[in-house]
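Reader: Please present the model under discussion, so that its helices and surface may be examined in turn.

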Amino acid sequence: MTGILLGMRKWSPLIAVCLGTFLLLVDVTIVVVALPSIADKFGAGYADLQWVLDGYALALAALLLGAGSLADRYGRRRTYLIGIGVFALSSLLCAVAPNEQALIAARVLQGAGGAAMFATTAALLNVTYHGRDRGVAFGIWGAVNGAAAAAGPLAGGLLTEHLGWRWVFLVNLPICLIAVWFTVRGVTESKAPWGGRFDLPGTITFTVAAGAVTYGLIRAGDSGWTDGIALTAFAAGVVALAAFIVAELRSDHPMLDLSLFRRPAFATLIVAAFLTQAAAFGYLPFSTVWLQQVLGYGPVDAGLYGALPMAAAALVVGAVAGRFLQNIAPRWTVGLGLLLIAAGDLLQTRLDADSTGAVLIPGLVVVGLGVGCVLPSLSSAVLGEVPRERSGMAGGALNTFRQLGFALGVAVFGTIFADRVSDAHGRPAGFADGLDATLLVAGATAAVAGLLVLVLVRHHAAPAQAAVPATAGDPEPAKLG
């Protein structure tokens, strides 16, 4: 009994971090399956549904690097606990939302809580475990990442179909309580000895730039590309981006060191991460809409046909070949993995008015194989391209641009999808045509990204750096013992 209790205490930090990570990732895919039910409840249009996803992803992307700096300065355990609290409160607000506007606002708050959690997860593991235990901890944490993606569509379908869409948010509350209990019991406080500074100008300008461009894309899809508000949003995004670049160049403690982008391989890998999220995941909400609103599938079947094959294939690749892939140059794992994603997207472009959900499965499996190759390799590849003292910032940048890629991917593909559906005046063939068009663009996006990686990325990540993933809250990962 004493041994069991000691073991529980030893692995309490890992359990706490894995629970938070699971919540962060599952809340993307679990919501995708619930979107048609949310639309039916509130009478929401495509633009509103996009914001239910993008509000979360944008807040997560915009605040991730800044949250890591705050965690270094004021304490990673404290930041993680605050993040869980905000995530739990916002999940409750999502569940009781009376309309789509309140739901979107709660999702933005949920993304802010998620950023505080995500920025500290790897750092907490890195300072808690050493030697063989660190390898075990990061291995389990990585497996939880894959399991969350696989569990989301099925869990979302089951909850939505049998209990209602509000339960996809209510289910977070007991998990948050358990995560808090394990964190309080097992996680010790840690800070960076040099402290971190919150880059307020950088955070504000980056948030405005990302939000304005995303709003402009969604508005253009709803009102046309000549709409004055959409054009104003694009202009504001460009101005904010310029201000962000100036703020980072002038700052003594920028949240993102822009000099890292002078390294062609690093810049290419960050672009690849951005485009991977868009090409592999950005069209899934519209697949779900087609499966449920046109084909009449329930949420469970929509999850089984529309997302689970990809997630399961990615999980299998990670479990079976993950360690082997780490020994291959990222030029090949990332570049060829992106070409697999492109092939999988294009395999799904065979839709017409008579298609069933089964036509998506082969392509989704191929996309999943590509995702399983790309995502585990990206982290080590990015860390291998920067000095060790910049590894935390590089890891944070990777996670930031991944989330931003998903948000902008949903916005761009939503514009294409809505335009085709509108042209067909809502006929079933229009939905199939719209999904076909988004998949074609997604496939082309992945193909371009894959070719860029094959041409511009030449180096293999150094094993010592590749071994420990980093986030914004982990500026100097310790060496493996």
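**Helix H10 and the nonpolar patch**

Author: The buried residues of H10 pack against helix H9 (200-223), where buried means under 20% relative accessible area (exposed is over 50%, partly exposed in between; 1.4 Å probe, protein chains only). Helices are DSSP runs of H or I with at least four residues, numbered from the N terminus. This is a predicted model: local features need pLDDT of at least 70, side-chain atom pairs count only at pLDDT 80 or more, and totals for chains, interfaces and linings use all residues. Residues are numbered from 1 along each chain as its sequence is written, and side-chain values use heavy atoms, leaving out hydrogens and water.

Reader: Which residues of H10 are buried?

Author: An α-helix has 3.6 residues a turn, so residues three or four places apart point the same way. In H10 the buried residues are Ala-230, Ala-233, Gly-237, Ala-240, Phe-244, Ala-247 and Glu-248.

Reader: How far apart are the end C-alpha atoms of helix H10?

Author: The expected span is 1.5 Å times one less than the number of residues. For the 23 residues of H10 (residues 228-250) this gives 33 Å, and the distance agrees because the end C-alpha atoms are 33 Å apart.

Reader: Which helix gives the most to the nonpolar patch?

Author: The surface patch consists of Leu-89, Leu-92, Leu-93, Val-96 and Leu-109; its members have over 30% relative accessible area and no salt bridge (a side-chain nitrogen of Lys or Arg within 4 Å of a carboxyl oxygen of Asp or Glu), and nonpolar side chains are joined within 5 Å. Leu-93 counts as partly exposed because its relative accessibility is 38%. With three residues, the most is given by helix H3.

Technical notes
Patch = residues over 30% accessible without salt bridge, like charges linked within 9 Å, V, L, I, M, F, W, Y side chains within 5 Å. Areas by Shrake-Rupley, 256 points an atom, 1.4 Å probe, with all protein chains shown as cover. Helix = DSSP H or I, 4+ residues; strand = E, 2+ residues; numbered from the N terminus. Contact = heavy atoms within 4.5 Å.
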